[in-house]
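Student: I would like a close look at one part of this model. Please take me through the surroundings of the ligands, then the helix packing.

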Amino acid sequence: WNELNPGKEYPRNNDGTIKLLNKHLLELNVDILYHLGLDTQNYDLPAMFGDVKFVCMGGTKYRMRDFAQYIAELLDLPEKNKKLVNLTKHSQRYAMYKVGPVLSVSHGIGVPSMTTVLQEVIKLLAYAKVKDPIIFRIGTSGGLDIPPGSVVVSSFGLNGNLGKTYDIPVLGKTRQLPSILDSRVCQEVHSLSADNDDFNTYIGGTMGADDFYIGQGRLDGPFCDYTQADKMAFLNTLKDLGVRNIEMEANAFAAYTRAAGIRAGIICVTFLNRLLGDQVTPNKTTLNEWQKRPMIVAGRYIAKYFEDI
Ligand code: R2B
Ligand code: URA
């Protein structure tokens, strides 16, 4: 009973809308989505967001604005010639842009920041009566034994204790939620990698660490009491478990989207090969160029979806 959603894998209503597994919400006259700067009383959420099909989340506000702009051009949407509006602007913590059927949302660094806005996005999708949405995380990471600039499509999430769960204390006891991602979405995204891309796209597990330095086995943080050999042993253990990259949200993102019954995928570029070092050395131009790769890969999936229907 550790799971928030112990029963069906996808708790959906018959029409594909999201069923929120929380009966307390029925007692609220108005639900305030505090970090999104929206609520169920002053906003017509079905009118504003009912046509959403994809939500893409990523760390920074600027990257998610760029992504929205990229999608507007890719899908040839009317928004491509308009100035994009940050829909969360009253709340200031995050940014959210809507271009046609795609929502582009920033989530900050790390699990608590990401899960806070993700949970409000899940409620938003439910209140807006969005049908069968798919959520992607497009992000950055450190790779394991693959060339920097490669893209990884995650097949599962792993926590810092090498478990395939997101562990969260609830009322004084730790719950363990399985970090499972939709394997069809993962395969489909990967299948869209193109022969003429100037980067490779891999499928593999993704470790979500609770820290950038010791939490990812780095030697270059302000604290470190282990050796280079200890670090290498750890990274090689990860590799043997099928982990291809390390970032800071994957296990919780996988766990919460699954608990909500929403199909999800994680697409990250790698900025370095962690078997060769810890510092992120490429220059800004290179990193900016590489950050577009998860956008390109997610964009292909989204464009194909609308071509096929
Ligand atoms: C990847 O990059 C960020 C840290 O630099 C973090 O949000 C993540 O998962
Ligand atoms: N983001 C991370 O969390 N780790 C890296 O090594 C690079 C980007």
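**The ligand shells and the packed helices**

Tutor: Start with ligand 1. Strand β6, residues 134-143, gives the largest share of the shell around ligand 1, namely three residues. Keep in mind that this is a predicted model. The full shell of ligand 1 is G59, I109, G139, T140, S141, F212, E247, M248 and E249. Sort these by class. Three are nonpolar, four are polar and two are charged.

Now move to ligand 2. Around ligand 2 you find T140, S141, G142, F212, Q216, I246, E247, M248 and F271. Strand β6 is again the place to look. It gives the most to the shell around ligand 2, with three residues. Strand β11, residues 243-247, matters for the count too: β6 and β11 each supply at least two residues of this shell. By class, the shell of ligand 2 has four nonpolar, four polar and one charged residues.

Compare the two lists as you look. T140 and S141 appear in both shells. So do F212, E247 and M248.

Next, set the shells in the chain. The UniProt record, an unreviewed entry, lists residues 53-298 as "domain: Nucleoside phosphorylase". Over that stretch the chain is 32% helix and 28% strand. The C-alpha atoms at its two ends are 13 Å apart.

Now the helices. Two packed helices are described by the angle between their axes and the distance between the axes. Take α3 and α6 as your opening pair. Helix α3 covers residues 111-127, and helix α6 covers residues 250-259. They pack at an angle of about 20°, with their axes 9 Å apart. Therefore α3 and α6 are roughly parallel to each other. Their crossing is right-handed. Which residues meet? From α3 come V111, M114, T115, L118 and Q119, and from α6 come A252, F253 and Y256. This contact has six nonpolar residues, two polar ones and no charged ones.

The other pair is α2 and α7. Helix α2 spans residues 61-74, and helix α7 spans residues 284-308. Here the angle is about 40° and the axes are 10 Å apart. That makes α2 oblique to α7. The crossing of α2 and α7 is right-handed. On the α2 side, look for R63, F67, Y70, I71 and L74. They meet Q291, M295, G299, I302 and A303 in α7. The contact of α2 with α7 divides into seven nonpolar, two polar and one charged residues.

Technical notes:
Residues numbered from 1 in each chain as written. Chains lettered and ligands numbered in written order. Predicted model: local features only at pLDDT ≥ 70, side-chain atom pairs only at ≥ 80, totals over all residues. Axes fitted to C-alpha atoms, helices over the stretch in contact; angles between N-to-C directions. Helix = DSSP H or I, 4+ residues; strand = E, 2+ residues; numbered from the N terminus. Parallel < 35°, antiparallel > 145°, perpendicular 65-115°, else oblique. Left-handed = near helix turned anticlockwise from the far one by under 90°. Contact = placed C-beta atoms within 7 Å. Nonpolar A, V, L, I, M, F, W, Y, C, P; charged D, E, K, R; others polar. Near = placed C-beta within 6 Å. UniProt positions renumbered as here; feature names shortened; annotations may be inferred.
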